[in-house]
Amino acid sequence: MIHPTLSSLRTFLHLLAISIWLGGQIVLAGVVPSLRRSNPDALTNIAKGYAKIAWPAMFVIVLTGVWGLSETNVGERSSAYMFTLALKMLLVASAVTATLIHSYGTSKLSKGLGGAIGLLATLFAAYCGVLLAHVG
Ligand code: HEM
């Protein structure tokens, strides 16, 4: 068997936390429309339950991301790598901001736009992550 390494554990934790943050949002997007009609009270509880595990997951994403960066010799990377990294950081900041607006906003606009931008920004950040890890 291939020997496990600390950096493989770091990537595993980065991806595990991403699966919680991103997978949870995709599942929510799928069940929210029908639940809103049939059981709005359950919707509030599900959203609260998601937030309880999603924010600690985001903490792990940032922690393992910073850890990954600290293992990379950023000075030796190409300008394309640096641009992708900067774009990814912008997307992560947008995803967090939009998700906060979604959670604390009360209008339909803040709920809808915050949720959609949060999900899209996370998806693009994930793709930038794949570019950094496998192409750059
Ligand atoms: C919404 C938040 C984030 C998502 C969805 C995300 C997603 C990903 C994905 C899918 C990968 C590829 C992993 C692989 O296939 O090996 C990756 C790699 C990476 N991510 Fe993130 N990431 C996020 C936040 C962050 C943050 C905040 C940082 C740094 C502060 C970061 C730094 C990195 C680095 C340096 C890599 C490449 C090296 C490595 O694998 O450790 N990420 N990310």
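This section describes the fold, the domains and the ligand surroundings of one protein chain. The model is predicted.

The protein chain is helical. Its secondary structure comes to four helices and zero strands. Along the sequence, the pattern reads α-α-α-α. The helices are α1 (6-38), α2 (40-70), α3 (79-104) and α4 (108-135). Taken along the principal axes, the C-alpha atoms fill a box of roughly 55 × 35 × 20 Å. The chain has 136 residues, and 18% of them count as buried. Contacts were also examined by sequence separation. Among those between residues at least 6 apart in sequence, 72% join residues at least 24 apart.

The domain assignment divides the chain in two. Domain 1 covers 7-61, and domain 2 covers 72-136. Their C-alpha centres lie 16 Å apart. The two domains touch: seven residues of domain 1 are in contact with six residues of domain 2. On the domain 1 side, the elements that give two or more residues are α1 and α2. Of these, α1 gives the most, with five residues. This side of domain 1 holds six nonpolar residues, one polar residue and no charged residue.

The ligand is surrounded by 21 residues. The closest are G65, G68, A126, G129 and A133. Two of these, G65 and G68, fall within the bounds of α2 (40-70). A126, G129 and A133 fall within those of α4 (108-135). Each of the four helices contributes to the shell: α1, α2, α3 and α4 each supply at least two residues. The largest share comes from α4, with seven residues.

The shell also draws on both domains. At least three of its residues come from domain 1 (7-61), and at least three come from domain 2 (72-136). G65 and G68 lie outside both of these ranges. A126, G129 and A133 lie inside the range of domain 2. By residue class, the shell around the ligand divides into 13 nonpolar, seven polar and one charged.

Taken together, the interface and the ligand shell involve shared elements. Helix α1 gives the most to the side of domain 1 that touches domain 2, and α1 also supplies at least two residues of the shell around the ligand. Helix α2 gives two or more residues to that side of domain 1 and likewise supplies at least two to the shell. Helix α4, in turn, gives the most to the shell.

Definitions and conventions:
Residues numbered from 1 in each chain as written. Predicted model: local features only at pLDDT ≥ 70, side-chain atom pairs only at ≥ 80, totals over all residues. Near = placed C-beta within 6 Å. Nonpolar A, V, L, I, M, F, W, Y, C, P; charged D, E, K, R; others polar. Domains from an automatic or database assignment. Buried ≥ 20, exposed ≤ 12 C-beta atoms within 10 Å, placed from the backbone.
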